[in-house]
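Colleague: I am new to this structure. Please take one part of it and walk me through that part closely, then show me where it sits in the rest.

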Amino acid sequence: MDSLRIEGGRRLEGVIPVSGSKNAALPILCTSLLADGNHRFRNVPALRDVNTLGALLRELGLDVTIDGSTVEMVGRPVISPEAPYEHVKKMRASVLVLGPLVARYGRATISLPGGCAIGARPVDQHLMGLEAMGAEVELTHGNVHVKVPRGRLQGAEVIFDMTTVTGTENLMAAATLAEGTTTLVNAAREPEVEELALVLNKMGASIQGAGTSVITIDGRESLNAVDHAIAADRIEAGTFMVAAAATGGDVLVDGVSFDTLHSVVDAMRAAGVNIEREGTGIRVSGTPPFEPVSLATAPYPRFPTDMQAQFMMLMCLARGTSRITETIFENRFMHVGELNRMGADIQINGNTASVRGPTTFEGAPVMATDLRASASLVVAGLVAGGVTEIRRVYHLDRGYEKIEEKLARVGAKVERIRGDA
Ligand code: EPZ
């Protein structure tokens, strides 16, 4: 398993290009199950998770060609609407094939996605919605079997018990081929949901309200293939913004706009980070120590859980105590132990972490545990005196394209150490 070796203490200066959004690309690639023909997706990030989904879609019978950041897919009737465990176990987002398969074929089988490092993450809301639309669901031997006795999903009103991003995406996609109108209430408002609706409407669907908490979908008989360029990854951008500020640097995080980052920008500005729009990007500069800022994660448009670990690392560099509360996942403080080993002073009390700063980080060997925790360790390594070696960076490779190249280009001293397979 590869490691990253970072010699810290260097300011980041220059331009960091932002790649396409992982969390937009994954549901959008699944739309190729809804319509036959030649689909083309551009600005797709070269990530492990994209490759994992590509392998699953190939397994289902689609032609998938990944050429750099362009993914060409030939949609055609699947061999069998079944998503086996070996794919689903690698990535919870595999559940995103469920809605399209049930909508198109009236049945599907998918392995229950196991929990993951950050929590149990069930799919009960996905299944509740499909049942409301006329599907029958059976759980046997770790598999979910969904079938529609009438053959075609029926439009329905679906009220989510909690805001779920992929739950909203799965049911929105399924409803595009249902008979009649579906209304999703308490829907997720994330930009990735809005972009998926844009793509589905380009395919001939009729979706209103994406980006709000009530989404209406008028079902269609069929959809057409699509050509779409994925928007920039707001979480990758936010991660590099934190890295620029934490190292006392001055960086243009390029190819992304404020529009989807207001809550992150507001929190970082409150901490004393300078953030301005510039050209096609965001100019970020800062000089630690910062001001302590307390916040709680919440569904969009409030502070994203996917930026919690990175922002916590920044608060280690504030003079005073910040309290960061994680409200979305039950176990998303895996980075705390490793940050404390590098010199941080973070105490956990339930779902709130108290961060006392300012910290003088010292390089150390640390272990990556989940995608965003790994990102916070990279930032800590960039700041720390001495050498930090981060092991199991496959977690990082799931969501950050060529991160060591992007950081090295703006002055970081970071290299990838190839490990055994
Ligand atoms: C999406 O995951 C993102 N992944 C996650 O990003 C992100 O952290 C999360 O939304 C929250 O914003 C993708 O978009 C591929 P949820 P998702 O369903 O959809 C509970 C990253 O780092 N829940 O919004 O799986 C669930 O357990 C990843 O890029 C149910 O109880 O998250 C969680 O506590 C990590 N039942 C909460 O809701 C359900 O049926 C929010 O989960 C569905 C969810």
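Modeller: What follows is a close look at one sheet and the helices beside it, and then a tour of the rest. Keep in mind that this is a predicted model.

Start with the sheet. Four strands make it up, in the order E18-E19-E21-E20. The sheet is open, and its pairing is mixed. In general, strands of a sheet pair through backbone hydrogen bonds, either parallel or antiparallel. Which strands stand at the edges? They are E18, residues 295-296, and E20, residues 345-349. Each of these has a single partner strand, so one side of each is left without a neighbour in the sheet.

Now move to E19 and E21. Strand E19 covers residues 320-325, and strand E21 covers residues 352-357. The two run antiparallel, and six bridges join them. To find your place along this pair, look for Arg323, which stands opposite Ser354 in E21.

Next come the helices. Helix H10, residues 308-315, lies across E18, E19, E20 and E21. Its direction is at about 170 degrees to that of E19. H10 also packs against helix H11, which spans residues 334-341. The angle between H10 and H11 is about 30 degrees, and their axes are 10 Å apart. An angle under 35 degrees counts as roughly parallel, and H10 and H11 are therefore roughly parallel to each other. Their crossing is right-handed.

Which residues make that contact? From H10 come Gln308, Ala309, Met312 and Met313. From H11 come His335, Val336 and Leu339. Sorted by class, the contact of H10 with H11 has five nonpolar residues, two polar ones and no charged ones.

Two loops around this sheet deserve a stop. The first topic is the loop between E18 and H10, where Pro301 has its place. A cis peptide bond joins Tyr300 to Pro301, with omega about 15 degrees. The other loop runs between E21 and strand E22 (365-367), and it holds Pro358. The peptide bond from Gly357 to Pro358 is cis too, with omega near 0 degrees. Gly357 is the end of E21, whose residues are 352-357. These bonds are worth marking because most peptide bonds are trans.

One more backbone detail belongs here. Arg392 lies in the loop between strand E23 (387-391) and helix H13 (394-397). Its phi is positive, about 60 degrees, although Arg392 is not a glycine. Most residues other than glycine have a negative phi.

Where does this part sit in the chain? The domain assignment gives domain 1 as 3-19 + 232-417 and domain 2 as 22-229. The C-alpha centres of the two domains lie 31 Å apart. Across the boundary, 23 residues of domain 1 are in contact with 20 residues of domain 2.

Turn now to another sheet. Four strands form it, in the order E10-E11-E13-E12. This sheet is also open, with mixed pairing. Strand E10 (157-159) and strand E12 (206-208) are its edge strands, each pairing on one side only. From one strand to the next, the twist averages 15 degrees. E12 pairs with strand E13 (residues 214-218) in the antiparallel sense, over three bridges. Within that pair, Ile207 has Ile217 of E13 as its bridge partner.

Then look at helices H6 (residues 165-175) and H7 (residues 191-202). They pack at an angle of about 15 degrees, with axes 10 Å apart. H6 and H7 are therefore roughly parallel to each other. H6 passes H7 in a right-handed crossing. On the H6 side, the contact uses Val165, Thr168, Glu169, Met172 and Ala173. On the H7 side it uses Glu192, Val193, Leu196, Ala197 and Leu200. By class, this contact of H6 with H7 has seven nonpolar, one polar and two charged residues.

Finish with strand E3, residues 37-42. E3 pairs with strand E5 (residues 70-75) in the antiparallel sense, over five bridges. There, the bridge partner of His39 is Met73 in E5. E3 also pairs with strand E14 (residues 227-229), in the parallel sense and over three bridges. In that pairing, Phe41 stands opposite His228 in E14.

Methods: Residues numbered from 1 in each chain as written. Predicted model: local features only at pLDDT ≥ 70, side-chain atom pairs only at ≥ 80, totals over all residues. Heavy atoms only, no water. Pairing = 2+ DSSP bridges. Contact = heavy atoms within 4.5 Å. Axes fitted to C-alpha atoms, helices over the stretch in contact; angles between N-to-C directions. Parallel < 35°, antiparallel > 145°, perpendicular 65-115°, else oblique. Left-handed = near helix turned anticlockwise from the far one by under 90°. Nonpolar A, V, L, I, M, F, W, Y, C, P; charged D, E, K, R; others polar. Domains from an automatic or database assignment.
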